[in-house]
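Biologist: Could you take a close look at one helix for me, starting where it ends, and then show me how it sits in the rest of the model? I'd like the cut-offs too, please.

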Amino acid sequence: MKKWLLLTIISALALVLAACGGGESEGEAQSSEEYTVENPFIIKFSHVTAIESVKGQAADKFAQLVDEKTEGKVKVEVYPSSQLYGDNDELDALASGNVHMIAPSVTKMVKIDPRWQYVDMPYLFESDEHVQAFFDSEIAQSLMNSDALAANDIKGLAFWPNGFKHFSNNKHPLVTVDDYKGLKFRAQAGQVLEAQFETLGAGSATIAFGETYAALQQGTVDGAENPYNNFDTMKFYEVQPYLSTTQHGRVDYAIFVNKSFWESIPADLLAPVEEALAEATTFAQELAAEENAKSLENIKASGVVEVYEMTQQERDALKEALQPVYEEFEETITPELIEGINALK
């Protein structure tokens with residue numbers, strides 16, 4: 001945590017010195033009169049997925065809406081596919097003010113608050129409707145407005161869904177729990193995911209999303225876990241011949257901004273920017289289910305992936321095998337959060 005407090009100080013200094021549309025100190029937003037189409041207020045938005053992904057399309061939609069609603073006075077510069085910062089760097093970059101807006105997989109926020117690993121708890125969510133109910137809940141907003149985020153000069157604004165995760169690998173179909181033993185999977189950072197694979201008798205390696213294709217291609221890892229859309233848009237089907245529809249966890253995103261920067265946006269420009277974000281969020285919510293369904297059909301039509309359709313009985317067996325993860329992490333995630341999510345079913 002000391003590292004994050006230091007980054008907060010650095011962030012404040014960086015924002016004072018920023019010349020690219022940054023602001024003055026917190027609560028002292030600049031006047032909007034100096035911003036024009038020729039000299040717009042710049043918001044740098046970095047993310048790690050492909051332009052064609054749900055996140056990529058929603059980010060571009062947000063940029064388009066901001067341009068329209070501010071008549072060009074605010075420009076959102078979107079940097080997809082880890083062009084600006086990768087998985088391992090973007091949170092530090094946000095806290096230090098080097099980027100203004102990110103949309104990480106929420107589990108990345110474990111660096112600040114371990115409760116964000118809720119998304120990795122196996123079979124916690126039952127459906128897309130259950131997930132949306134959580135996004136709309138007070139318990140979700142309590143995470144977004146936590147003291148831990150504020151202490152690091154970070155502000156949470158919105159949730160963008162992606163989809164349920166499914167296991168893939170390059171060895172054989174994954175049907176029973178025994179099929180996972182001895183395999184090594186790419187994982188996002190976090191102890192919950194490490195425990196998940198250990199419980200299945202498998203190994204794991206934390207690898208940045210942008211480096212995952214190469215790791216799978218080179219055999220550094222045997223498999224991965226992704227929503228259909230990520231599997232499709234990142235072309236993992238070229239290096240993963242087996243995919244099982246396990247639906248065991250989630251990859252969802254949240255929009256975070258540098259708090260000092262965000263509060264430096266002139267009030268008359270901030271209102272249409274936030275309106276644009278609300279519309280882009282609705283767009284992302286509607287797009288996620290549609291794109292994942294389309295991607296599953298693309299994967300099947302590729303002719304190079306054997307898709308194993310899991311039965312509910314097979315999913316229940318996997319869920320039962322993963323119960324030790326709850327025994328280990330219930331206190332970390334907190335019973336209040338887990339029970340709160342379960343109550344929304």
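Modeller: Happy to! Just after helix H7, Gly201 takes a positive phi of about 80°. Before going back into the helix, a word on the ground rules. This is a predicted model, in which local features need pLDDT of at least 70 and side-chain atom pairs count only at pLDDT 80 or more, while totals for chains, interfaces and linings use all residues. Residues are numbered from 1 along each chain as its sequence is written, and side-chain values use heavy atoms, leaving out hydrogens and water.

H7 itself covers residues 191-199, and its buried residues are Val192, Leu193, Ala195, Gln196 and Phe197. Buried here means under 20% relative accessible area, exposed means over 50%, and partly exposed is in between (1.4 Å probe, protein chains only). Helices (H or I, at least four residues) and strands (E, at least two) are DSSP runs numbered from the N terminus. What do the buried residues of H7 pack against? Their partners are strands S4 (154-169), S5 (184-187), S6 (203-206) and S7 (223-226), together with helix H13 (323-333). A contact means heavy atoms within 4.5 Å.

From there, it is worth following the stretch 154-169, that is, S4. Thr281, placed in helix H11, touches Ala158, Phe159 and Trp160, not counting residues up to four places away in sequence. With a relative accessible area of 10%, Thr281 is buried. Ala278 also has its place in H11, which runs over residues 267-301, but Ala278 is partly exposed at 44%. Ala278 and Ala158 are 120 residues apart in sequence, and their C-alpha atoms are 7.9 Å apart in space.

Such long-range links run through the whole protein: of the contacts with a separation of 6 or more, 76% are between residues 24 or more positions apart.

Gly201 is a glycine with positive phi, so you may like to see residues of other types with positive phi, too. One is Glu71, with phi near 55°, in the loop between helix H2 (54-69) and strand S2; at a relative accessible area of 63%, Glu71 is exposed. Another is Lys235, with phi of about 60°, in the loop between helix H9 (228-233) and strand S8 (242-244). Lys235 is partly exposed, at 43%.

The loop holding Glu71 leads to S2, which spans residues 74-79 and runs parallel to strand S1, joined to S1 by six bridges. Two strands pair if DSSP finds at least two bridges between them. Phe41 of S1 has Val74 as its bridge partner in S2. S1 (residues 41-46) is largely enclosed by the rest of the structure, because five of its six residues are buried.

Stepping back, the protein has 14 helices and 10 strands, and 55% of its 345 residues count as buried. The C-alpha trace spans about 65 × 45 × 35 Å along its principal axes. The radius of gyration is 20 Å, in agreement with the value near 20 Å for a compact globule of 345 residues; it is taken over C-alpha atoms, and the globule rule is 2.2 Å times the number of residues to the power 0.38.
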